[in-house]
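Here is a walk through a two-chain model, written for someone who wants to get their bearings at the bench. Have the viewer open as you read.

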Amino acid sequence: MEKNLALVLLLSPFVGFLFNIFFGKKVSRTVSGAIGTLTVVLSFLLSICFFSQLNQSGKPFEFSVFDWIQVSNFKLDFGILLDQLSLLWLLFVTGIGSLIHLYSISYMHDDENMHKFFAYLNLFVFFMITLVVGSNLLVMFIGWEGVGLCSYLLIGFWYKNQDYNDAAKKAFIMNRVGDLGFLIGMFIIGALFSTLNYAEIKTALAAGNADTALLGVAALCLFIGATGKSAQLPLYTWLPDAMAGPTPVSALIHAATMVTAGIFMVTRMNFVFDLTPDVQNIIAIVGALTALVAASIGLLQNDIKKVLAYSTVSQLGLMFLALGFGAYNVAVFHVITHAFFKACLFLGSGSVIHGLHGEQDMRNMGGLRKAMPITFWTMMISTLAIAGIFPFAGFWSKDEILMVAFEHNKVLYVIASIASIMTAFYMFRLMYLTFFREFRGTEEQKHHLHESPSLITIPLIILAVLAVIGGAINLPGSMWLTHFLEPILGKHEAHALGTHEFMLMGVALVGALVGILWANAKYIKQAFVPKSDAEITGFNKTIYDKYYVDEFYTFLIVKPINGLSNFFRTTLEPALGKVVFSFGSLANGLGTQGKKIQNGNIGLYLFVFVIGVCAIITYLFIAQ
Amino acid sequence: MNNILNQIGIENYIFLSVLLFCIGVFGVLYRRNAIIVFMSIEIMLNAVNLLFVAFSTYHQDSEGQVFVFFSMAVAAAEVAVGLAILVSVFRNLGSIDIDNLKNLKG
């Protein structure tokens, strides 16, 4: 029974995908959207069932769907594991997934390919569930690749625009780089332990007979995989470009769920990373640097979705910072709260874009507070949450990351704090430019300004409520989440709430307020509006152009590869062709000469035949 | 059986066989008449058969004789086909001189 329910949970979005891809065009758009949504809601309800069951019994539920690979002593089955970690992920993936599906029914209603959109979205949820519930690395890898595919399909959803196609390809290719790391890491682990099953690896490691050097390489490779999927340095540049996709996609895939897959994987393999402190240091440093770099780029972006994208990269960096210090529970906490408020922010920006008929440049917005009150208030709450204002969800989770950082490494703590202040600044810059002061767009746009329909605002309200109360799952007093994850992550010492902790909270809060006041002074008091692209100069231009990282990659990798393929095409291919063709003409010439021997004279044939026999016989005698 | 070999000696069989084979080879090389070429080939074949039988007796092993049966059966079939071809060649060309058979020229 449980087994069947788990399979329904897994396959329900897949059924939605099959329906929408094959019959979606035949039914009306609303029906196609409703079916897409209902299949995900079904998964969500089943996740709740399993979750409450697990909460009572405390026993994870594991079973094998079928035997998959069996080669000598290496055995692998297609296993499903529903434990604390995977159910937590399932809950917010399917939960937020349902809300975003609901939102998309309204948001995508004017699109002729809406059924395709829902098909891809359902397929994404299916692969995400696969990624989360797999009981071994290979099943996770199927989901891992699958979500990458769906991300590609959805970024390039409006395929008539070549820029969007390029963004989709960029996302796919950069993910491939990371995936190679994941693959190599998986192979090493498979070679070391003859298994890919999490529980079996853990047992083997507990027995303590692992080659730590090789294990370190494996952990590093897995982390490289995570940097690709979760957009960390140096593979983060695809995520801002991925904003080319429809806004619900950005909210679901590129903010709330898929990009957290890297964090899920590292948390899942925590027993490996715990044994490799060097790799953990690398993770922490990469995370902190990513947080800082992305936040600083976010300071000057003018595209509303780009700001949110860099903010996502920056927040993911903070999560990796926590992972690097072994504080997996803290990272998971931030993943969940971040999913709430970032999904809300993206959906809110989608609502704004919807209201302005596709306008994404904040320089042409402003004053939307009156026209779109629900969007404004929900986004305001989420902004307060991401900025880390007491008592919203982001405050608790970000504060814990900073606390962990303070405990382990003061330098990284300072970096993360600066990134947090920047976060507060650019988020309020976004709010001020979008919702305050006068409207800067055209008269026609102003005339059409309206609040979005209820299918759009309801998910916003639900997510905003979660952004307020989401912190409750791991309040410093109760630490429910930490206790809940103990079977997987082991016991973590709870912070006793002393003056030390209160001081750090105070510092974080003051930092956030400084960022807000800074933004307030610049964009409200001075009424500053970002200059047009051509007028930006100096260091600001460097930041505005994202430190020229894309240009650097183009110079370092794309150009040489283009040059190389040009060389192959113009020089090597003709040269090789000549060699191959010369064999052909040699055979041709031999044939032309050889055919003269066949002159039809049987006497000659017989003579040659006898000579040949004699030659063979002579040879045989001599050879003996 | 052994008596025959004792009286005559294996080497004589070999000489005879080589002689027959050489006659066959020269027949093939020098005669123009297709039927005689054909007969020469048969002589070569039988030279080998003779050698087979001789050595079969010498080694007290009947395998060689079995082989000879096979090769004789195949040779009979081959002769039937070969003669049929020659007959049809004669009907078409009015001659079986191999110098005239130049239609196989490539």
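What follows goes from the overall layout down to single residues.

**The big picture**

First, a caveat: this is a predicted model. Chain A has 624 residues, and 50% of them are buried. Helices dominate the element list for chain A, with 27 of them against 2 strands. Along the principal axes, the C-alpha atoms of chain A fill a box of roughly 110 × 65 × 55 Å. If you look at contacts in chain A between residues at least 6 apart in sequence, 79% of them link residues at least 24 apart.

**Domains of chain A**

The domain assignment splits chain A into three pieces: domain 1 (1-173 + 233-256), domain 2 (276-531) and domain 3 (552-623). Domain 1 is written as two stretches of sequence. Between the C-alpha centres of domain 1 and domain 2 of chain A there are 24 Å.

How do those two domains meet? Contact involves 25 residues of domain 1 of chain A and 32 residues of domain 2 of chain A. On the domain 1 side, helix H3 (84-107), helix H9 (238-241) and helix H10 (247-256) of chain A each bring at least two residues. The top contributor to that side is H3(A), with 12 residues. As for chemistry, the domain 1 side that touches domain 2 of chain A is made of 19 nonpolar, 5 polar and 1 charged residues.

**What the records say**

An unreviewed UniProt entry puts the feature "domain: NADH-Ubiquinone oxidoreductase (complex I) chain 5 N-terminal" at residues 68-118 of chain A. In the model, that span is 57% helix and 25% strand, and its end C-alpha atoms are 30 Å apart.

For chain B, the UniProt annotation "transmembrane region", again from an unreviewed entry, covers residues 12-30, 35-55 and 67-90. Residues 12-30 of chain B are 100% helix in the model, with 27 Å between the end C-alpha atoms. Residues 67-90 of chain B are likewise 100% helix, and here the end C-alpha atoms lie 34 Å apart.

**Where the chains touch**

How many residues does each chain put into the contact? Chain A gives 10 residues and chain B gives 11 residues. The chain A side of that contact divides into 4 nonpolar, 5 polar and 1 charged residues.

**A helix with a kink: H15(A)**

Helix H15 of chain A runs over residues 328-355, which is 28 residues. From first C-alpha to last it reaches 40 Å, close to the 40 Å expected at 1.5 Å a residue. There is still a bend of about 25° in H15(A), at A:His338. Is H15(A) enclosed or open to the outside? Of its 28 residues, 27 are buried, so H15(A) is largely enclosed by the rest of the structure. After H15(A) comes A:His357, with a positive phi near 55°.

**Backbone oddities**

Most residues other than glycine have a negative phi, and most peptide bonds are trans. With that in mind, here are two residues with a positive phi, and where to find them.

| Residue | Phi | Location |
|---|---|---|
| A:Ser194 | about 55° | loop between helix H6 (162-193) and H7 of chain A |
| B:Gln60 | near 55° | loop between helix H3 (34-58) and helix H4 (63-93) of chain B |

Their surroundings are worth a look too. A:Ser194 has 16 other C-beta atoms within 10 Å, so it counts as partly exposed. B:Gln60 has 8 other C-beta atoms within 10 Å, so it counts as exposed.

There's also a cis peptide bond to look up: it joins A:Leu233 and A:Pro234, with omega about 0°. A:Pro234 sits in the loop between helix H8 (212-229) and H9 of chain A.

**One residue close up: A:Tyr198**

A:Tyr198 belongs to helix H7 (residues 198-207) of chain A. Why does A:Tyr198 count as buried? The cut-off is 20 or more other C-beta atoms within 10 Å, and A:Tyr198 counts as buried because it has 24 C-beta neighbours inside 10 Å. Setting aside neighbours within four places in sequence, A:Tyr198 is in contact with A:Ser135, A:Asn136 and A:Arg268. A:Gln280 is 82 residues away from A:Tyr198 along the chain, and their C-alpha atoms are 19 Å apart.

Definitions and conventions:
Residues numbered from 1 in each chain as written. Chains lettered and ligands numbered in written order. Predicted model: local features only at pLDDT ≥ 70, side-chain atom pairs only at ≥ 80, totals over all residues. Domains from an automatic or database assignment. Contact = placed C-beta atoms within 7 Å. Helix = DSSP H or I, 4+ residues; strand = E, 2+ residues; numbered from the N terminus. Nonpolar A, V, L, I, M, F, W, Y, C, P; charged D, E, K, R; others polar. Buried ≥ 20, exposed ≤ 12 C-beta atoms within 10 Å, placed from the backbone. UniProt positions renumbered as here; feature names shortened; annotations may be inferred. Expected span 1.5 Å × (residues − 1). Bend = angle between axes of the 7 residues up to and from the residue.
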